Amino acid sequence: MGEEGDKVDLLVLCLPDGSRYALPLSPMATLTDYTLLRVEPAPEETGLSDLLCISFARGTLITLANGAQTPIETLTPGDRILTRDHGGQPVRWIGRATLKAVGPFAPVVITMGTLGNAGDLIVSQHHRMFLYQRQKVAGLPTAELLVQAKHLVDGERVFLREGGYVDYLSLVFDRHEIIYAEGVPAESLMVNDATVNRLPAELSADVKSRFPGLSQVQHFGTEAGRRFLEAVGPETLFKPGPRRR
């Protein structure tokens, strides 16, 4: 937990030689003190490439450059996807992983209509949704917000779905893009030097060979943490509609 009360999950990578490296799943601030709250064992041994690629669940409808929608698992590298800021852009890499849906790997279900989504949107907990507020929210420098799905959980319209397995897929472009999933904006996977260079040399080289555009920078927008959302109420970001029973 950081000084302002926002919680950050870290994955600890254990190598055969006994060395360990911490990989943050959420943005971390420099020159900030963090307090360790708890340590949880991983559900099973998991490859690094699997941990990096968690994002949308199988079946998520992605909007193509021509306006059509297609399930994410049918995409192939080179397909052109509609982006918020740069029109149609080709997918450079597609990550796939099947993980036990427990702990930090359990998916978040954003029920139909909650954010204006046409169907249930199922994403990993750290996947960020792009929310635009017509009026800038007090306390934030921009009207464009990037909100991790886990921070939207209210147990009713947005909830964690634990149990069984989940198929995750993610999309990498030349830039960190905002794309459309179930009709609403969400981020693509961002890979950059700041993340990759924290890894040991042999792992860093492997990741660099897999991912293009390592100079990617975060898309414009303000990171809205849990403390802020608790203050304003996550429901202030939801669209009017029925609540889950």
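These legends go with several close-up views of a predicted model.

**View 1. The whole chain, to get our bearings.**
Welcome! The chain in this predicted model contains 4 helices and 17 strands. Of its 245 residues, 47% count as buried. The accessible surface adds up to about 12500 Å², and 51% of that belongs to carbon and sulfur atoms. Among contacts with a separation of 6 or more, 65% link residues 24 or more positions apart.

**View 2. Strand β12 and its partner, β11.**
Is strand β12 enclosed or open? Strand β12 covers residues 144–148, and 5 of the 5 are buried, so the strand is largely enclosed by the rest of the structure. Follow the side chains along β12: E144, L146 and Q148 point one way, while L145 and V147 point the other way. Beside it runs strand β11, residues 128–132, which pairs with β12 in the antiparallel sense over 5 bridges. Look across this pairing to find M129, which stands opposite V147 in β12.

**View 3. Two nonpolar cores.**
Here is a helpful rule to keep in mind: nonpolar side chains tend to be buried together in soluble globular proteins. The largest nonpolar core of this model has 29 residues, and M129, L152 and L171 have the most contacts inside it. Several strands supply at least two residues each to this core, including β11, β12, β14 (165–172) and β15 (178–181). A second, separate core has 12 residues, among them F105, V109, I122 and Y168.

**View 4. L171 and its surroundings.**
Which residues does L171 touch, beyond those up to four places away in sequence? They are I62, I72, L75, V91, W93, I94, I179, S188 and L189. Now find T76, in the loop between β5 (69–71) and β6 (80–83). T76 counts as partly exposed because its relative accessibility is 41%, a value between the 20% and 50% cut-offs. Although T76 and L171 are 95 residues apart in sequence, their C-alpha atoms are 9.8 Å apart in space. Leaving aside neighbours within four places in sequence, T76 is in contact with V91 and I94; V91 and I94 also appear among the residues that L171 touches.

**View 5. A nonpolar patch on the surface.**
Finally, let us visit the outside of the model. L10, M28 and Y34 make a nonpolar surface patch of about 250 Å². One of these residues, Y34, lies in the loop between β2 (20–24) and α1 (48–52). With a relative accessible area of 31%, Y34 is partly exposed.

Key
Residues are numbered from 1 along each chain as its sequence is written. This is a predicted model: local features need pLDDT of at least 70, side-chain atom pairs count only at pLDDT 80 or more; totals for chains, interfaces and linings use all residues. Side-chain values use heavy atoms; hydrogens and water are left out. Patches are made of residues with over 30% relative accessible area and no salt bridge: like charges are joined within 9 Å, nonpolar side chains (Val, Leu, Ile, Met, Phe, Trp, Tyr) within 5 Å. Accessible areas come from the Shrake-Rupley method with a 1.4 Å probe; for residues, only the protein chains shown count as cover. A salt bridge is a side-chain nitrogen of Lys or Arg within 4 Å of a carboxyl oxygen of Asp or Glu. Buried means under 20% relative accessible area, exposed over 50%, partly exposed in between (1.4 Å probe, protein chains only). Two strands pair if DSSP finds at least two bridges between them. A nonpolar core is a set of buried Ala, Val, Leu, Ile, Met, Phe, Trp, Tyr and Cys residues joined through side-chain atoms within 4.5 Å. Contact means heavy atoms within 4.5 Å.
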